[in-house]
Amino acid sequence: MPRPNKTQIEIKMEDVGIEIEQVERDSDDDTGRHGKTNRRQQNNKPSPAGARNNRNNNRSQPQARNGRRTAVEDDSEEEEEDEAPKPRRGNRKKLTKAQDSDEESEDEQPNRKTNKKGENQKHKEEPNNKEKQTDKKGKGKDKDKDDSKDKKKKKKKDSRYVLSSSSSSSSSSDDDSMSEGEMAKLMEEVEEKKKLVSNMRNKPWRMKRRLAALKEAQSFVEKFEGALGKGKGRRLFAYKKWIKFQRDFDNFKTSCIPWERKIKEVESHFGSSVASYFIFLRWMYGMNLVLFGITFGLVVIPEVLMGLPYGSIPRKTVPRAEQAKAMDFSTLWDFDGYCKYSVLFYGYYNDQRTIGLLKFRLPLAYLMVGIGTFGYSLMVVIRTMASNANESGGDGEDSDFLFCWKMFTSWDYLIGNSETADNKFASITTSFKEGIVDEEENQKDENIHLRRFLRVLANFLIVCSLGGSGYLIYFVVKRSQDFATRDNLGWYEKNEVEIVMSLLGLVCPPLFESIAELEEYHPRIALKWQLGRIFALFLGNLYTFLFALFDEVNQKLAVEESIKNATIWATHMHYANFTGNTSATPPPIDPADVIRGPCWETTVGIEFVKLTVSDIQVTYITILVGDFLRAVIVRFLNYCWCWDLESGFPSYGEFDISGNVLGLVFNQGMIWMGAFYAPGLVGINVLRLLTSMYYQSWAVMSSNVPHERIFKASRSNNFYMGLLLLILFLSLLPVVYTIMTLPPSFDCGPFSGKSKMFDIIMETIELDFPAFIGNIFSYVANPGLIIPAVLLMVLAIYYLNAVSKAYENSNLELKKKMQMQRDEEKNRRNNQDSTNSIMKDLEDLLPIMSGENKASTNKNDLPKTPKGADKQGGASRNGGRVNPEKEVSLAAQNPRIAVTRPPGPRPPGPLPGNPQLTVPGQRGRGPPQRVGRGQPRH
Amino acid sequence: MGNKQTIFTDEQLDAYQDCTFFTRKEILRLHTRYHELAPNLVPMDYTNDPDCKVPIQLIINMPELMENPFKERIVESFSEAGDGNLSFNDFVDMFSVLSEMAPRELKAIYAFKIYDFNTDNFICKSDLEQTLNKLTREELTPEEVNLVCEKVIEEADLDGDGKLAFADFENMISRAPDFLRIGSSGKAIIGFPAGNTELMEKKVIDKEEKQ
């Protein structure tokens, strides 16, 4: 619209003369400038309204000055610059001209007059005064220009011109009185221009416009202040360097996180649920690395470096009977032979109080490391759980703008590599799918009773099968104890327990999964249930294993007693023989020949190491066969097969999250239990986790397909952590039990010769610390102190728990309030119809001015139509064009709407005698903008 | 300025420096890049503002834009005529806004323009559908697309007109966690640093949109 309008005026003006045209052009430029300054006065940073305002200008400006006008523009500005050094007279004239806003032909005459008057009086402040007044007008007119570009409103415009000219003439009469304040105002103006120059780069304008505006502002400032500090290049440069450094540093930090890219890659194709397994794996690796560091640094390496070498004492030597086969592979594979008598196991360590020059107290260190392993693990698990809980609370998981952010902020604009881009596309798609699954789950309308019934039924079935399998395990273990007393057993009877266990492990998880389908949980919750159930099943596994182990230990203890007597007798005999013959000292017995006890600690250690190794083998082979081989077969046999293998029966495997997580958790339980008796186990585990990371991420990328319903994992892995904590507790029990109650072997390990393992602490306190510490220790160990302490802790837990509950409640309350507020806001904007209907009723009650009322009521009905049209037709361009006008006309006569929202950041703007335009201004951010923006397209 | 020949006058460079987030050097480098896009179209001498435009096809094949799903829209919304052919001014403008120095508010304005496919100054459902299809390479089913678009409108549309005006958009985008990060570049670091470093090596002014 503006263009035809403008050209018309121009044509008109051409009749008058070229000079006028120039004035008009200047004024046009100036309008923009005033708009800017006004905006800055309101608020410095671009507010929504300001930004929109900018957009208006942006839209209208380039089109307003195209063709001839743009060509002339530069010249005119140069002209301006040329004029700058000229005598004041011309200068001021020019200035006033520049300060004029829309005022056109009618306005020009009085304007000139004022100029001349001002010149005559040679008052410096005069233009300033004038300028301020026109500035005010400019504000109003600027808006007018945006809002009223229709030809209909031309008349109003004209009337306004008259008005403004009158005002300017009135201002001209004021010109005579100039003051210091006006001078200050001028300075302010200059400051603003300067600000504009420094903020030019933040304006959402076309470059051409920016350049032009910059030139103008600069010339203005130069005129009034002379030299202007140009380009902030240097400062900007430093800032830029800083930002770049920050980003590089961030990049560096990210690249320091191990396997971040690998996990991201998996996540982008398989969703966050699969990635959560790998994140868990990475976390476990980190924790085990610390355990490894402690164990090897404080126990294994000191023993290797400073302890007695292999073969020096009986516990560090392979017995004569086993030496022949000690180096065979099969022996070593069973961790027998040289493996058994190595630093990897408990039995190898000597009971010397201190070793080496540093007087390292190895037995004490051994016990402390054993306890420290548990202490550290507990601390780390609980800390992680707590921080995860914090994180999930703080982050807006159920944010208001979930899909919006996915849609508008998920693309990474720095991606310049096609492979990365592919990954990003995949990850965005995956994340959308995750969101859709969640959303569908929310929208599911449910038959609550049926669902509840099915869930109860499913849980009943699962409890039944768990109970059944528990009984089966119990039964089999009992039987195996019977078998143990008998001889000549068949293969099946020997391995019955293992067979039953692995059968259960094979059958039950899929059974649970199919039962779980009855429940129709969200996949994320279903995964948790599945994990819990399989965990319960595997506990049976653990229980039988421990049961068997304790049996063995008790047997060994019994054997040990008799051997202990035998060895004492044997050494006695040895010495007796020699002392009988000669008086010389008897030669020592070869360490390989000494009679030894069974050393149950090493046996337990070997048992755990074997279990861990076989677990590794089974896991890796399962992946190789179950996933990789299957994928290869499906992929390549598909060319010559009767049915479609890829989409038909075998298809590709899915990544089994629950199985893998539980495997990891139970493996860690084995490590915790075994680490005390086999320090080397931690090292093996570190290796396993490391290879597992590469191997599994390769396997999952090469031979698995994503789940059918990709679901979003809860951001915190706290459920996994909970399982881990449970397992940690369960594995803590037997170890603490053995340390506290069972007597250590008499001839192997760091605690040999003590009646209990923890005696080493007592010994240290007695020998190495001053007496009063021993006293303190005995006081502290007094039950009279411990029981109150425990009570106090329980109370503290209770209190803290109550506090956290209260916080949680208030948190929920706040969330609810926020939601309500949001809804309210939405409703307020949405339900204008309802408020309008009430108003309509009220209006009907009014008897007079029926014509106007009718018009307004009719228009009240209107908004429904455009809205409906938009929703149906997806707001075609046509609809977009037509509707705003309707709404505007509506808005103009429906001032009530203004009540529903706070006044926008726009200035009140209305000029006296210009009433029609006040209303859209009041309406604020709504429809008027729509007009403003819709307009330039016409 | 200028080594062998003058590309810009001092005044021009100063003006560009004030109007963009670039230094002199970077502006000259940008001109070199612009020149390289179409050596026979673009003159070396820019002192008298020659009127020439580089066609869209050449611009969207720049390494910075190549992988971007919205490359056409970006270029179009920065071209003055809306057809995607960029003059040098538009070109500098684009790089300036997309540079990491640009403030979030400015980026939000241009982001809105970019996502507004049919240039009606609203992000309506068809715009959202196009955005989504570009983001996911059309791997979602029509029902899913529909669901997502409806959710987006439901979430962000505060005035209930079934489409997103700039106020809605800005309100939404300014609360995005990536958007709130200091140092303006968030996403890239969280995601794939490789793409980032690659651009860095090319010594081009880094570009990014909202993060």
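UniProt, in an unreviewed entry, lists "domain: EF-hand" at residues 103-138 and 144-179 of chain B. The structure discussed here is a predicted model. Over residues 103-138 of chain B, helix accounts for 67% of the chain and strand for 0%. The C-alpha atoms at the two ends of residues 103-138 lie 32 Å apart.

**Chain B as a whole**

The secondary structure of chain B consists of 13 helices and two strands. Further values for chain B are collected below.

| Property of chain B | Value |
|---|---|
| Residues of chain B that count as buried | 66% of 211 residues |
| Contacts in chain B joining residues at least 24 apart, among those between residues at least 6 apart in sequence | 55% of contacts |
| Area exposed by chain B | about 7,400 Å² |
| Share of the exposed area of chain B supplied by carbon and sulfur atoms | 50% of the area |

**Helix contact between chains A and B**

Helix α15 of chain A, residues 402-409, meets helix α9 of chain B, residues 142-156, with the two axes coming within 7 Å. The axes cross at roughly 110°, and α15(A) and α9(B) are therefore roughly perpendicular to each other. On the side of α15(A), the contact is made by L402(A), F403(A), C404(A), M407(A) and F408(A). From α9(B), the contributing residues are V148(B), K151(B), V152(B), E155(B) and A156(B). Eight residues of this contact between α15(A) and α9(B) are nonpolar, two are charged and none is polar.

Technical notes. Residues numbered from 1 in each chain as written. Chains lettered and ligands numbered in written order. Predicted model: local features only at pLDDT ≥ 70, side-chain atom pairs only at ≥ 80, totals over all residues. Heavy atoms only, no water. UniProt positions renumbered as here; feature names shortened; annotations may be inferred. Helix = DSSP H or I, 4+ residues; strand = E, 2+ residues; numbered from the N terminus. Buried < 20%, exposed > 50% of the residue type's maximum accessible area, 1.4 Å probe, protein only. Contact = heavy atoms within 4.5 Å. Areas by Shrake-Rupley, 256 points an atom, 1.4 Å probe, with all protein chains shown as cover. Axes fitted to C-alpha atoms, helices over the stretch in contact; angles between N-to-C directions. Parallel < 35°, antiparallel > 145°, perpendicular 65-115°, else oblique. Nonpolar A, V, L, I, M, F, W, Y, C, P; charged D, E, K, R; others polar.
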